[in-house]
Amino acid sequence: MPPGVRGALVQRVSALPEGPLDVSWLPAGTPELPLGRIRLHWEPASRAGWDVTAHFGLATTEVLLASWPAAPDDWPRLVRPTIHEVTGLCAALAVATVALDLSNRLAEV
C-alpha cells in the first residue's frame, strides 16, 4: 500500500467468481467507515504471503469482518467471496429497512 493510506475502500465487487474488486485508497486521516462500507488492509506476512484484514462500517463504529493471515499472492481471489456476500447482505438489509419504514408510514395513514 502507498504511504499515507489506511487501506482500500471497496467500491464494487464483481459477481463473477474470478471478477475484480474495485477499490479506492482511503487516506490515513479518514474517520470511521460509513455504514455498510468495507475497508481492506494488507501488509506482507512475516514468512510468506500477505496478512489481509477486512473491516466493516456499522452505524457508530467499525468492526473486524474477517482476517486472512499469510494469504497467498492472489489473495483478492480468496477474499472476494466473503466481500461479495457481505455487500449483498447489506444491500438486502437496506431494501428491507426502506420497505419497513414505508410500511410503518402507510400504517399511520
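These are my notebook entries on a predicted model, covering its sheet, its helix and two buried charged-letter residues, E62 and R39.

**Ground rules**

I'm working with a predicted model, where local features need pLDDT of at least 70, side-chain atom pairs count only at pLDDT 80 or more, and totals for chains, interfaces and linings use all residues. Residues are numbered from 1 along each chain as its sequence is written, and side-chain values use heavy atoms, with hydrogens and water left out.

**Entry 1: the sheet**

I started with the strands (DSSP runs of E, at least two residues, numbered from the N terminus, while helices are runs of H or I, at least four). Five of them make an open sheet, in the order 2-1-3-4-5, with antiparallel pairing. Strand 2 (21–27) and strand 5 (62–71) are the edges: each has a single partner strand, so one side of each has no neighbour in the sheet. I noted that neighbouring strands are turned by 30° against each other on average, direction ignored. (Axes here are lines fitted to C-alpha atoms, for helices over the stretch in contact, and angles run from 0 to 180 degrees between N-to-C directions.)

A reminder to myself: strands of a sheet pair through backbone hydrogen bonds, either parallel or antiparallel.

**Entry 2: who pairs with whom**

Two strands count as paired if DSSP finds at least two bridges between them. I found two bridges between strand 1 and strand 3, with A8 opposite L40. Strand 3 and strand 4 share seven bridges, and E43 has D51 as its bridge partner. Those two strands form a hairpin with five residues between them, and G49 in the turn has a positive phi of about 80°. Strand 4 (residues 50–57) is joined to strand 5 by seven bridges, and there W50 stands opposite A71.

I also looked up A70, which lies in strand 5. Its phi is positive, about 50°, although A70 is not a glycine. Is A70 buried or exposed? Neither: A70 is partly exposed, at 49% relative accessible area (buried is under 20%, exposed over 50%, partly exposed in between, with a 1.4 Å probe and protein chains only).

**Entry 3: the helix**

Helix 1 (residues 75–108) packs on the sheet and touches strands 1, 2, 3, 4 and 5; contact means heavy atoms within 4.5 Å. Its direction makes about 160° with that of strand 5. Helix 1 has 34 residues and reaches 50 Å from first C-alpha to last, close to the 50 Å expected (1.5 Å times one less than the number of residues). Where does helix 1 bend? I found a bend of about 30° at P81, taken as the angle between axes fitted to the seven residues ending there and the seven starting there. Its buried residues include W75, I83 and C90, and their cover includes all five strands.

**Entry 4: E62 and R39**

E62 sits in strand 5 and counts as buried, at 16% relative accessibility. Its side chain makes a polar contact with the side chain of R6 at 3.2 Å (a pair of N or O atoms within 3.5 Å; within protein, one must be able to donate a hydrogen and the other to accept it, and residues adjacent in sequence count only if both atoms are side-chain atoms). A polar atom of the E62 side chain also lies 3.1 Å from the backbone nitrogen of L33.

R39, in strand 3, is buried at 8%. The R39 side chain reaches the backbone oxygen of R6 at 3.3 Å. Beyond four places in sequence, R39 touches several residues, among them L33, H55 and E62.
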